There are 2 protein chains.
Amino acid sequence: MAAKGRTGQPTLEEVAALAGVGRGTVSRVINNSPRVKDTTRHLVEQAIAQLGYIPNRAARALAGSRTDAVALVIPETEKRFFAEPYFSDIVHGVGDGLADTDLQLLLTLVRTEKERQRFLQYARARRIDGVLLVSLHDSDTLPDLLAGMDMPTVLSGRRSGDESVSYVDSDNVGGARAAVRHLSASGRRGIATITGPLDMYVAQCRLRGYEEAVRNTPGGPRPSWIAHGDFTEESGRRAMAELLALHPGLDAVFAASDVMAVGALHTLRAAGRRIPEDVAVVGFDDSPIARHTDPQLTSVRQPVEEMGRTMARVLLESISDASSAWQHVVLRTELVRRASG
Amino acid sequence: MAAKGRTGQPTLEEVAALAGVGRGTVSRVINNSPRVKDTTRHLVEQAIAQLGYIPNRAARALAGSRTDAVALVIPETEKRFFAEPYFSDIVHGVGDGLADTDLQLLLTLVRTEKERQRFLQYARARRIDGVLLVSLHDSDTLPDLLAGMDMPTVLSGRRSGDESVSYVDSDNVGGARAAVRHLSASGRRGIATITGPLDMYVAQCRLRGYEEAVRNTPGGPRPSWIAHGDFTEESGRRAMAELLALHPGLDAVFAASDVMAVGALHTLRAAGRRIPEDVAVVGFDDSPIARHTDPQLTSVRQPVEEMGRTMARVLLESISDASSAWQHVVLRTELVRRASG
DNA sequence: CAAATCACTGGGAGCGCTCCCATGCGCGAA
DNA sequence: TTCGCGCATGGGAGCGCTCCCAGTGATTTG
C-alpha cells in the first residue's frame with residue numbers, strides 16, 4: 001500500500017510561507033486570477049519553482065467541485081468497420097487539443113450494458129466535466145442521455161442529418177462528390193458505386209455525394225449502377241460482381257470504403273480488367289491498406305487527427321460556457337490521387 | 001462554469017444518517033472492511049442503494065492519499081511501425097483487465113520533451129498509482145526513472161534481453177522459429193529472411209528465431225540469406241530484390257513484419273515468381289493487411305489484447321504489493337496459416 | 001482634510017472522505 | 001458477581017485546496 005498520509009509533496013501552504021504571502025494569493029496565482037500585483041505574482045512563482053510545487057488535483061477537485069477530467073468514451077460497437085488507425089489518430093488529435101489544458105483524459109470503454117449504466121451514473125454524479133464520444137452507432141442514445149443531464153458532449157460523426165448534440169464530422173458528401181467528379185473529369189463515363197450499409201448515416205452521405213456528382217454527368221443517376229455493401233471486403237467483391245454482370249462496360253467504381261475497394265479490385269482483376277486502364281477505382285478513408293494495394297488506391301482522406309483536435313476544442317468551449325449552443329463542425333475531406341484511378 | 005458547491009449528490013454522511021449509523025461504518029462498508037456486523041452492513045448497503053450514493057473520488061483521493069488512477073503512457077515514437085490495431089487492441093485488453101477495479105485509466109501522450117518532464121513530475125508527485133508503458137523505444141529511460149521513484153510500472157515488450165522492469169511481451173523468438181519451421185516442414189529448402197531494424201530488440205528476437213530454426217535445417221545458417229529491412233514496405237521490396245539477386249533459387253521468405261512481407265510480395269511478383277508455388281512468404285504481426293494481400297499472407301499472430309489484459313493484471317499486483325518482484329511475462333504467439341505459404 | 005473608493009491580500013470555513021482513537025457492549029473467566 | 005478483553009461502532013481531526021469576506025493601505029473625490 002501507499003505510504004500513509006504525508007507524501008512529502010510541498011503544499012500550497014508551504015509555497016505561501018516561502019513566498020511570504022497568504023494561501024489565497026498563491027491560489028490566485030495558480031488560477032491566473034488577474035487580481036494579484038505583478039511583483040507578488042513573481043514572488044509566488046519563484047517559490048513554486050523553487051519547491052517544485054504541483055497542485056494536488058484531488059484537493060482542487062474537492063474544494064472547487066469540478067474534476068478537470070473529461071472522458072473519451074468508446075462503445076464496443078463494430079468499430080472494426082472503421083479504418084483502423086482511426087482510433088489512434090483521434091486519440092492523438094484529442095491529446096493535442098487538450099495538451100495545454102490540465103484536463104485529464106479518461107479512457108472509458110463501454111462494452112456491456114452494465115458498463116454503460118455505470119458510466120451514466122458516473123456522469124450523472126458529475127465525476128467528469130465533459131464527454132467525447134467516438135464511433136457511436138447511429139441508434140445509440142447515449143448522447144441524448146448525456147445532453148439530458150447537461151453534460152457537455154461532443155460526438156465524432158453525427159448519427160443522422162438532424163443531429164442536435166455537438167459533433168465534429170468530415171464532409172462525407174463532399175468527399176464522395178469529389179471522388180466521382182475526379183473520375184468523371186478523367187474521362188470515365190460509366191461510373192458505378194458500392195455503398196456502405198445504408199442504415200449508417202455515414203454510408204448514406206457517401207451515396208448522396210455520388211448521386212449528386214453523377215447527376216451532372218452524361219447519363220445521370222441510374223439506380224442499377226448502385227450496388228450495396230456493408231464495408232467489408234467480401235461485400236465489396238460481391239457488389240463488384242453484381243455491377244460487372246449488369247454493366248460489363250463500366251469504366252469506374254467509387255467504393256464507400258477502402259476495404260470494399262480492395263474487394264472490388266480483386267473481382268475486377270479476376271474478371272480480367274486492368275486497373276486503371278479498363279476500370280478506375282476510388283475508395284474512401286485513405287486507410288493504410290490503400291497504400292498497399294496493387295495498384296495503390298486513390299482514396300478520400302478524412303482529417304481524423306484534426307477531428308480529434310477539433311472535438312477537444314469544441315468540448316472545452318462548451319465546458320467553459322455551459323449555455324453555449326450546440327456546435328456542428330464539418331471538416332473538409334481531400335482526394336488522395338494514387339494509381340488506381 | 002459548473003454550479004457552485006453543492007452538486008446535489010448524496011454524501012457519505014447522508015447515507016450514514018439514513019442507515020442510522022456513523023460515518024466510519026459507512027466508510028468501512030464501502031471499503032469492504034471485515035470489521036462490520038453483517039446486519040449493519042446490509043442496512044448501509046440498502047441506504048446506499050436507496051440514495052444512489054456514489055463515493056466522491058476526489059474526497060477519497062484526498063483523504064486516503066492515493067489516486068485510484070493509472071496512466072497509460074504513449075510516447076510519440078515511430079509507433080506507425082507497429083501493426084496498426086496494436087494500440088486499439090492493447091487499450092481494449094487493458095480496459096478489460098481494469099474493468100472490475102475502480103481504477104481510472106488516464107491516457108497520457110508523451111510526445112515532446114516538455115510533456116515528458118511534465119509527466120515525470122506528475123508521477124513523482126504521486127498523482128497516479130501506476131504506469132503502463134506502450135510501444136517504447138529501446139533506448140527510452142522512462143521505465144528506469146519511474147522505477148527509481150518506486151512507481152509501479154509495466155512495459156509492453158522489453159527493451160533488451162536483460163530488461164529489469166516488469167514487462168509483458170510476446171514470444172517473438174518462438175514465433176519466428178515456428179514460422180521458419182513451418183516453411184521447412186512444408187518442404188522448402190532455401191529459406192531467406194528479411195529482418196527489421198536490428199537496433200530494435202524485437203527485430204533481433206525475430207532474427208534469432210529464424211537462425212535457431214534454420215540451424216536444424218539442411219544447409220544450416222547462412223548469412224547471405226539474411227537481408228535487412230526497417231519494417232517498411234519499401235525496405236521489404238529492396239531486401240527481397242537483394243535476396244533474389246543472391247539466391248535466384250530461394251523458395252521461401254520469412255519477413256519480420258507483414259508490411260515488409262507485402263513489399264517482398266511485390267518484388268517477387270515483379271520477378272515473375274508465383275506465390276506460393278515458387279516462393280512461400282510468411283510475415284509477422286497478423287496485421288489487417290495480411291488478410292488483404294493476394295494471396296492472403298500467412299503470419300505470426302501476437303495476442304495483443306491479452307497482452308493488455310496481462311499488463312493490467314501485473315500492474316494491479318505491483319500496486320497492491322509494492323515489495324513484489326518484477327514480473328516478466330512472455331505470451332505465446334501463434335502461426336496463422338493462409339495462402340501465401 | 002475627511003470620507004469614500006479601490007486594488008490587493010489574508011485567512012476562516014468548508015468540500016467529502018479516511019484514519020484512528022475512544023467508547024460501549026457482550027461474554028467468558030475468575 | 002466482577003473484571004478483563006475484544007469486537008463494533010461513533011465521530012474528531014485532518015487531507016490540500018477554493019471560495020469569499022473582511023481588512024489593509026493607497027488613491028481619489030468633495
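This is a short guided tour of a predicted model with two protein chains and two DNA strands, with suggestions for what to select at each stop.

Before you start, note that local features need pLDDT of at least 70 and side-chain atom pairs count only at pLDDT 80 or more, while totals for chains, interfaces and linings use all residues. Residues are numbered from 1 along each chain as its sequence is written, and chains are lettered from A in the order in which they are written.

**Stop 1: the two DNA strands**

Select DNA strand C and the residues near it, where near means that the C-beta atom, placed from the backbone, lies within 6 Å of the strand. You should find 30 residues around strand C, the closest being A:Gly22, A:Gly24, A:Thr40, B:Leu12 and B:Ala63. Which helix gives the most to this surface? It is H4(B), with five residues. Helices and strands here are DSSP runs, numbered from the N terminus, with at least four residues (H or I) for a helix and at least two (E) for a strand. Colour the surface near strand C by class and you will see 10 nonpolar, 12 polar and eight charged residues. For these classes, Ala, Val, Leu, Ile, Met, Phe, Trp, Tyr, Cys and Pro count as nonpolar, Asp, Glu, Lys and Arg as charged, and the others, Gly among them, as polar.

Now move to DNA strand D, which has 30 residues around it; A:Leu12, A:Ala59, A:Ala63, B:Gly22 and B:Gly24 come nearest. Here H4(A) gives the most, with five residues.

**Stop 2: helix H2 of chain B**

Stay with chain B and pick out B:Thr25, B:Val26 and B:Val29, the buried residues of H2(B). Buried means that 20 or more other C-beta atoms lie within 10 Å of the residue's own, with C-beta atoms placed from the backbone; 12 or fewer makes a residue exposed, and anything in between partly exposed. Look down the helix axis: the buried residues fall within an arc of 100 degrees, so they line one face of H2(B). That arc is taken from the directions from the helix axis to the C-beta atoms. Their cover includes H1 and helix H3 (38–51) of chain B. Just after H2(B), click on B:Asn32, which takes a positive phi of about 55 degrees.

**Stop 3: where the chains meet**

Show both chains together. In all, 36 residues of chain A are in contact with 37 residues of chain B, contact being C-beta atoms, placed from the backbone, within 7 Å. On the chain A side, H5(A) gives the most, with six residues.

How are the two copies related? A rotation of 180 degrees with 0.1 Å of shift along its axis superposes chain A on chain B, with an RMSD of 0.2 Å, so the copies are related as by a two-fold rotation axis. The fit is by least squares on the C-alpha atoms of residues with pLDDT of at least 70 in both.

While you are at helix H5 of chain A, select A:Pro85. A:Pro85 is buried, with 21 other C-beta atoms within 10 Å.

**Stop 4: the nonpolar cores**

A nonpolar core is a set of buried Ala, Val, Leu, Ile, Met, Phe, Trp, Tyr and Cys residues joined through C-beta atoms within 7 Å. In the largest, of 90 residues, A:Val253, A:Val281, B:Val253 and B:Val281 touch the most other members. Apart from it lies another core, of 76 residues, among them A:Tyr86, A:Leu132, A:Met307 and B:Val168.
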